[in-house]
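Got your viewer open and ready to rotate? Load the model and follow along, one selection at a time.

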Amino acid sequence: MAEPLLGSRRWANSALVVATLALQPVQAQPSWQAVPAQQPPGGQPATGLTQWQQIPAANPIPGGQSAPGGRQGTPIWQPLPRSAGQSKQLVWEPVPPVAESKPGIGTPGAKPGSPQPHSWTRTSAADPLSNGAASTAKPVAAPPTSPAEAQALLDGLKPTAADFSPQLRLGEAVPTAQQLSDQQSQLSFFQLASLGGGKQGGGGGTGNQNYAARLDTGFTDHIQISAFYSVADDPLYAPITGKSIQPANFWESYGGAMQWRLLGSSTTPWKLALAGSLEGWTVGSGGCDSASCKGQNNASPNIFNPSGSRVQTTNVVGSLALPITWQALPSLALTFTPGVSFLPSSQGSGQGGSGPFYGNNVSVAAGASWRPIPSLTLFGSGLIPLGPGNNSFDGNLVFARVPILTAGITWALNPRIALEGQLTNGWGATPATALLALPSDNRLGYSGRFVFTPGALDTPQPAMTPRQRSLALGGLTVNTALVPPRGITELWANGDSQGNGFGYIGYSLSNSFQLDVYKGGVFNNVRPPSDLATTYASDGGWNYRFGGKAIAMSQLRGAPFSLGGRISVGRNTAPSSYQGYVFAESVSTWEANSWLAFNLNPKLAWSGVSIPWAVGLGANIQLGRHFQLIPELNVVGLELNATNGTLALRWLATSSTNLEVYVSNAAGLFDIGQLLDNSNVRVGGRLLFSF
């Protein structure tokens with residue numbers, strides 16, 4: 001069956017190139033050239049819709065000029081004005097590639113036996129197909145005439161399997177031979193953490209944590225370059241024998257890496273690559289890294305010598321790996337990766353005496369990834385260190401070699417945004433340190449990763465109505481399952497009668513994901529006091545959060561209701577606390593009609609004190625053109641006396657500015673404040689901007 005001209009990604013991307021060619025000429029890319037209208041037989045002028053014809057790039061175009069940026073055999077398309085007498089609608093359909101070229105057939109200069117690119121043949125919608133059946137092709141749409149029209153066409157395309165990025169790593173310790181394509185980039189933020197707080201002091205709160213960021217870029221189709229950074233500053237997890245005070249532990253890594261594909265390509269089943277990294281690794285032991293005592297070098301002993309004070313060294317480390325990946329099935333890839341990490345074998349020299357550390361390690365690793373559908377990947381891997389060094393030590397400071405095991409899942413909202421979760425006993429977040437286990441205790445932990453691929457296709461979505469744009473701003477203490485359209489920035493500031501003050505900056509990276517760039521503020525007068533309140537909502541303590549909201553299904557795209565989730569991390573920086581927690585929530589929104597929407601919002605806070613949870617219920621009721629009434633209730637499980645409610649009136653002052661006034665007995669609008677009640681009613685306001 002013939003396809004409409006503009007129904008494919010090939011046409012949309014070519015049209016975008018055409019529309020911007022005058023400003024950004026692209027070498028060796030398909031070009032578009034208008035052909036002067038020709039008079040049909042009979043002398044009548046040509047009029048009507050534009051059609052297109054293909055000519056070889058090496059041929060001169062009308063006017064005697066050569067095709068710009070063309071290579072021999074590269075297709076160039078020229079628009080042909082439709083004649084007034086032409087009664088049949090023209091469509092284009094691809095001719096399948098032939099297996100072998102013959103003299104005078106196929107691409108000029110092609111070698112015999114080489115695959116040929118698609119060529120195109122023009123047919124009439126009323127003409128019979130090759131098998132004699134009548135064509136059912138739809139009428140041809142007019143091509144875009146500007147970059148804006150071409151971009152709108154691209155934004156409406158649904159992603160295919162080929163638009164999703166490959167699985168670059170099977171956990172931090174096992175790189176694959178898959179790489180990003182030329183000029184494609186991928187930015188990821190992730191966290192490695194232990195399950196639970198340390199056994200003696202340790203990280204407390206939600207456990208020991210290693211925060212990291214990584215940027216991967218396809219420099220060419222064969223070379224991928226990377227930059228990364230990670231930092232961990234929690235005390236050692238397990239109690240250290242002979243130490244009455246738990247030693248502080250500080251790791252900071254930064255550096256770059258390069259991966260060179262030696263064999264294969266993105267389309268071949270076998271791939272072989274060489275990967276290497278060069279890194280700086282600062283290791284600190286002893287003293288204090290907490291905000292309440294940072295810089296006090298005698299606050300805790302180190303693990304390398306008996307000096308009783310801090311030891312800190314910046315080491316130059318690195319790694320090499322030779323990943324081999326076999327695409328066994330379209331959905332299954334297997335990887336084998338031998339490698340070596342170059343790490344210091346001691347620390348503390350010149351600072352009271354040196355003590356043993358990890359040392360160099362040769363390793364072998366293997367893993368698999370299974371992608372049953374384009375948006376879902378399951379993966380697992382194992383790494384075995386062979387020595388001569390070690391990759392783990394325990395509370396007795398005995399070093400050993402242990403396998404690093406990882407199992408994970410990657411869920412892509414679309415080719416632009418992906419979320420990844422892992423269970424692993426690995427702790428290092430860079431290529432050279434990824435084979436290391438949790439310092440002082442080899443135990444299972446978890447990892448969460450956010451992946452952003454700029455320029456990749458987004459989820460297509462109809463334009464939002466003004467009411468839906470307001471719903472996308474969320475509620476106050478009960479969230480909504482909508483996010484502002486891609487490219488929209490959201491700002492708000494909030495204060496109340498009891499001294500709370502909070503602010504928020506958000507940015508929509510996709511039609512399906514809003515990044516919480518920063519959320520911060522202070523609680524005051526949270527009464528009655530509780531362990532949760534004094535730890536995470538203490539008077540005057542600055543709280544900050546980072547996170548994001550993802551939408552899995554949306555009424556805007558035909559679903560019966562909208563469904564999403566949000567997660568954030570952060571801490572209370574008050575010297576009496578300096579503890580953090582993970583806040584997670586699921587959100588469902590049903591727009592019953594044009595003036596009424598309901599929200600269901602289960603949520604919890606995972607902290608070192610307890611795990612409070614609640615079910616939020618809310619509604620948004622349109623009151624005329626410029627006002628909305630927002631009633632909300634959070635039913636707190638296990639502690640029903642912490643159940644709280646909020647009633648707000650939102651004024652839609654302009655298309656980009658909203659103002660809310662509210663009364664509430666919640667401790668605050670800020671994450672964990674939704675899980676705590678307040679004995680005194682708070683009267684507050686919030687000013688919101690979106691642009």
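Over how many bridges do strand β28 and strand β29 pair, and in which sense? Select residues 562-572 for β28 and 580-591 for β29: the two pair in the antiparallel sense over 10 bridges. Strands here are DSSP runs of E with at least two residues, numbered from the N terminus, and two strands count as paired if DSSP finds at least two bridges between them. Click on Arg566 and you'll find it opposite Glu585 in β29.

A quick word on what you're looking at: this is a predicted model, in which local features need pLDDT of at least 70 and side-chain atom pairs count only at pLDDT 80 or more, while totals for chains, interfaces and linings use all residues. Residues are numbered from 1 along each chain as its sequence is written, and side-chain values use heavy atoms, with hydrogens and water left out.

**Stop 1: the barrel**

Now widen the selection. β28 and β29 belong to a closed barrel of 12 strands, which runs β24-β25-β26-β27-β28-β29-β30-β31-β32-β33-β34-β35 with antiparallel pairing. From one strand to the next, the twist averages 20°; the angles are taken between N-to-C directions, on a scale from 0 to 180 degrees, using axes that are lines fitted to C-alpha atoms.

**Stop 2: a pocket and β23**

Stay with β28 and look for the second largest pocket, which has a volume of about 1,400 Å³. A pocket, on a 1 Å grid over the protein atoms alone, is an open set of points with protein on both sides within 12 Å along at least five of seven lines; a cavity is a set where a 1.4 Å probe fits but cannot get out, and lining residues have an atom within 4 Å of a point. Grid points are joined across faces, edges and corners, and a volume is the space filled by probe spheres set on the points.

This pocket is lined by 46 residues; show Phe189, Gln191, Gly448, Phe546 and Val569 to see the ones nearest its centre. β28 supplies the largest share of the lining, eight residues. By class, the lining splits into 25 nonpolar, 14 polar and seven charged residues. Here Ala, Val, Leu, Ile, Met, Phe, Trp, Tyr, Cys and Pro count as nonpolar, Asp, Glu, Lys and Arg as charged, and the others, Gly among them, as polar.

Next, select β23 (445-452). Why is β23 called largely enclosed by the rest of the structure? Because seven of its eight residues are buried, meaning under 20% relative accessible area with a 1.4 Å probe and protein chains only (over 50% is exposed, in between is partly exposed). β7 pairs with β23 in the antiparallel sense over eight bridges, and Phe190 has Arg449 in β23 as its bridge partner. β22 and β23 also pair in the antiparallel sense over eight bridges, with Leu423 opposite Tyr446.

**Stop 3: closed-off spaces**

The whole structure has 11 cavities of 30 Å³ or more. The largest has a volume of about 370 Å³. Of the 30 residues that line this largest cavity, Pro175, Ala275, Ser319, Ala321 and Pro431 are the closest to its centre. β14 gives the most to that lining, with four residues.

The second largest cavity holds about 320 Å³ of space. Out of its 27 lining residues, pick Pro166, Gln167, Gln186, Thr410 and Val451, the closest to its centre. β22 gives the most to this lining, with four residues.

**Stop 4: aromatic rings**

Finally, colour the aromatics: there are 20 aromatic pairs to find. Rings of Phe, Tyr and Trp (its six-membered ring) pair if their centres lie within 6.5 Å; planes under 30 degrees apart are stacked, over 60 edge-to-face and the rest tilted.

Trp281 and Tyr358 form a stacked pair, 6.4 Å centre to centre with 25° between the planes. Trp281 sits in strand β11 and Tyr358 in the loop between β16 and β17, 77 residues apart. Trp281 counts as buried because its relative accessibility is 0%, and Tyr358 is buried too, at 2%.

Back in the barrel, Trp492 and Tyr504 are stacked as well, with 5.7 Å centre to centre and 20° between the planes. Look for Trp492 in β24 and Tyr504 in β25; both residues are buried.

For a last selection, take Trp251, Trp281, Phe304, Phe357, Tyr358, Phe393 and Phe399: ring pairs link them into a cluster.
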